[in-house]
Amino acid sequence: MGSDMFGSREILTSAQIRAVERWAMDSGIASGLELMERAGAAVAGEIRLRWPKPARACVMCGPGNNGGDGYVVARLLNEAGWQVRVLGMDNTPPPDAAVMKRRWLEIGPVEALNEGVLRRKSADVYVDAISGTGLTRPLEGELLETVGYLGGSGGDWGFFSKRLVAIDGPSGLCLDSGRMLGGSADTLFSPRAALTVTFDSPRVGHVLAQGPELCGELVVADIGLNWPRMGRNPPLHPGQVTRVSGPSFARESHDLFAIRPEDLAKLSDGHKFSHGHALVVAGGAGQGGAARLSARAALRVGAGLVTIAPPQDALIEHALPPDALMRRAVDTADDLARRLEDRRITAVLLGPGCGVERAKALLPALLETRRPCVLDADALTALSQRKAPLEGLHSHLVLTPHMGEFARIFPDIAAKLAGPQPPFDQHTLGQVKGEEMARMLAQDAEYRAALAAERGPLYSKLDAVRDAARRAGCVILLKGPDTVIADANGTVHVHAASYDAAAPWLATAGSGDVLAGIIAGLMARGWPAFRAATLGAALHAAAARSFGPGLIADDLPDQLPAVFRGLGL
Ligand SMILES: NC(=O)C1=CN([C@@H]2O[C@H](COP(=O)(O)OP(=O)(O)OC[C@H]3O[C@@H](n4cnc5c(N)ncnc54)[C@H](OP(=O)(O)O)[C@@H]3O)[C@@H](O)[C@H]2O)[C@@H](O)CC1
Ligand SMILES: Nc1ncnc2c1ncn2[C@@H]1O[C@H](COP(=O)(O)OP(=O)(O)O)[C@@H](O)[C@H]1O
Ligand SMILES: [K+]
């Protein structure tokens, strides 16, 4: 296991990459034309790596700079001996794209970009340069038909998905959310690329939602933008808007993965008693398995001591291994409060196998101590059933919901994420009334404001988790193949299983209990909530990869030593 798989890198929104490009051009690092030439060269190079013999290419160029990249690809493939057809639009492109189009026109013609021309299916490779980061509204008319045809409206998406190369992303995909612009109906005919080549950094939309599925293999090409990244800067406070000598945008760390050199040092240092003490609350008779999985994970991640705390009458069930576990009964909220008077208990996990009623009874006493703590599973359901679900939450807390639990605690945010996306037409608005209508009108206004401010137009999982964490005042880790973690200051981190080696076998019963235990163990060891959650998600996925297919949750904690060895600890 190479430690490179743990590298952390920034992912950017469309507005951020535009700011980076503008900064690079303004500071004389490269002109727009040079950047476009490098972008096109990177795409042509990746194509030639995969199709080493000159073949037939059909390059589809849209109205903007994404189309400009396409004209460069066409010219370079032609120079390499390929037979190239170019389909394009009858518009005045932006200046750099116009130059690239003229250069192509010295070589060959531009045919009309429409479904009819595509139906002839005369190429080995199709290059989608129709839209990239500049897509701001759903495609319409001929462009929509063309993109739908690439997505299989003619009954054969399998044909295109094997030979479609997308520049920056398949067209119609919103690179800020990973969702197709234009609502769910159009996703039926969303183009799926075999290969997507993007520039400088991944975009948010490459790793969230449908992005990974629609982009296919993702290559991030360096086009020499050379901007000062967070990693190379003096320490920044997360979420801070900074104007260092680089492009100016909110330097939120939208980064992928989590293990950094300072984590490695801290994981390997120290002495048993400096490693803290995690208390894992367990449930009544017959429910103990989940909490024991969590407790085992907390031990394996290096908590010095772990105590499992079931009710008195279930204590006997927990006489099972691991023997390193301590066992103490906790029946009532008073028992828990007394137990937590011991300041040596440095983190608490409540939820796995706990039972909703028991979690509800223990929650107030736990929250009152403001002890670092993870709330998972039944504790999340218990939260959502309180009159004021978010009351008493604080910044030393990590909530680890899956989408169902998240929706019960933040129903409005989940509805906004799952529902149709703006701009809403009269027909859509005609179908709703009351609060739903008010919510959609507000969302529509937000969409227009976002466009004006050059932010991404669609509400993404990243936005949703950030909004939820701000509202709750704690860290939230929303599970899924695209796990998103946010803190109350707006710092967001994505752990995308799709980005490196996918670990689909993580989706197995009890794997969430292990994740909660890993995070609680790290918090017991002194990691702050947000770092514990991001590092925990990375270790959890690494453990799954280390075991491989056939994994059950019980195997995960015992893979952690191999993961640590792989990290050189
Ligand atoms: N900046 C740089 O230096 C570099 C940029 N690079 C490349 O530029 C790409 C970004 O280019 P971009 O901003 O020109 O927009 P792009 O993705 O081509 O597509 C949108 C175009 O379509 C239009 N449009 C929007 N919605 C529409 C709709 N529904 N139906 C119809 N039209 C619609 C919209 O214009 P509008 O009509 O909104 O004015 C715009 O013209 C980026 O992905 C990368 O590939 C690289 O070369 C590296 C250097
Ligand atoms: N398709 C997937 N690929 C990779 N990881 C996934 C996928 N779906 C879910 N996961 C991960 O699997 C774990 C499942 O947790 P959870 O939903 O709580 O399950 P359980 O309740 O069975 O423990 C989470 O860490 C989640 O991020
Ligand atoms: K594209």
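A residue is taken as buried if 20 or more other C-beta atoms lie within 10 Å of its own. By this criterion, helix H3 is mostly covered in the predicted model, with 12 of its 15 residues buried. The buried set consists of Asn65, Asn66, Gly67, Gly68, Asp69, Gly70, Tyr71, Val72, Val73, Ala74, Arg75 and Leu77. Their cover includes helix H2, the strands S2 (56–61), S3 (83–88), S5 (125–129) and S6 (164–167), and helix H4 (95–105). The length of H3 agrees with expectation, because 15 residues at 1.5 Å a residue should span 21 Å and the end C-alpha atoms are 21 Å apart. After H3 comes Gly81, which has a positive phi near 95 degrees.

For the protein as a whole, 50% of the 569 residues count as buried. The secondary structure comprises 22 helices and 22 strands. Of the contacts between residues at least 6 apart in sequence, 74% join residues at least 24 apart.

H3 also takes part in the surroundings of ligand 1. This ligand is surrounded by 28 residues, of which Gly64, Asn65, Asn66, Gly132 and Gly134 are the closest. Two elements, H2 (32–50) and H3 (65–79), give two or more residues each to the shell. The largest contribution is that of H3, with 5 residues. By class, the shell around ligand 1 contains 11 nonpolar, 12 polar and 5 charged residues.

An unreviewed UniProt entry annotates Asn66, Asp128 and Ser171 as "binding site". These positions are spread over 106 residues of sequence, but they cluster in space, with a largest C-alpha distance of 9.8 Å. Asn66 belongs to H3 and counts as buried because 25 other C-beta atoms lie within 10 Å. Leaving out residues up to four places away in sequence, Asn66 touches Ala129, Ile130, Ser131, Gly132, Gly134, Ile167 and Asp168. Ser171 is located in the loop between S6 and strand S7 (173–174). With 28 C-beta neighbours inside 10 Å, Ser171 is likewise buried. When neighbours within four places in sequence are set aside, the contacts of Ser171 are Gly62, Asp128, Ile130, Ser131, Val147 and Pro191. Asp128, itself one of the annotated positions, is thus in contact with Ser171.

A further "binding site" annotation in UniProt, also from an unreviewed entry, lists Lys479, Gly480, Pro481, Asp482, Thr483 and Gly512. These residues span 34 positions in sequence, yet no two of their C-alpha atoms are more than 14.2 Å apart, so they gather at one spot. Lys479 is placed in the loop between strand S20 (475–478) and strand S21 (482–486), and Pro481 lies in the loop between S20 and S21 as well. Lys479 counts as buried, having 23 C-beta neighbours inside 10 Å, whereas Pro481 has 18 other C-beta atoms within 10 Å and is therefore partly exposed. Beyond four places in sequence, Lys479 touches Thr400, Pro401, His402 and Gly512.

Lys479, Pro481 and Gly512 appear again at ligand 2, where they and Leu506 and Ala507 come nearest among the 17 surrounding residues. Helix H20 (residues 511–524) supplies the largest share of this shell, 4 residues. The shell around ligand 2 is made up of 8 nonpolar, 7 polar and 2 charged residues.

Terms used: Residues are numbered from 1 along each chain as its sequence is written. Chains are lettered from A and ligands numbered from 1 in the order in which they are written. This is a predicted model: local features need pLDDT of at least 70, side-chain atom pairs count only at pLDDT 80 or more; totals for chains, interfaces and linings use all residues. UniProt positions are given in the numbering used here, feature names are shortened, and annotations may be inferred rather than shown by experiment. Two residues are in contact if their C-beta atoms, placed from the backbone, lie within 7 Å. A residue is near a molecule or strand if its C-beta atom, placed from the backbone, lies within 6 Å of it. Ala, Val, Leu, Ile, Met, Phe, Trp, Tyr, Cys and Pro count as nonpolar, Asp, Glu, Lys and Arg as charged, and the others, Gly among them, as polar. The expected span of a helix is 1.5 Å times one less than its number of residues.
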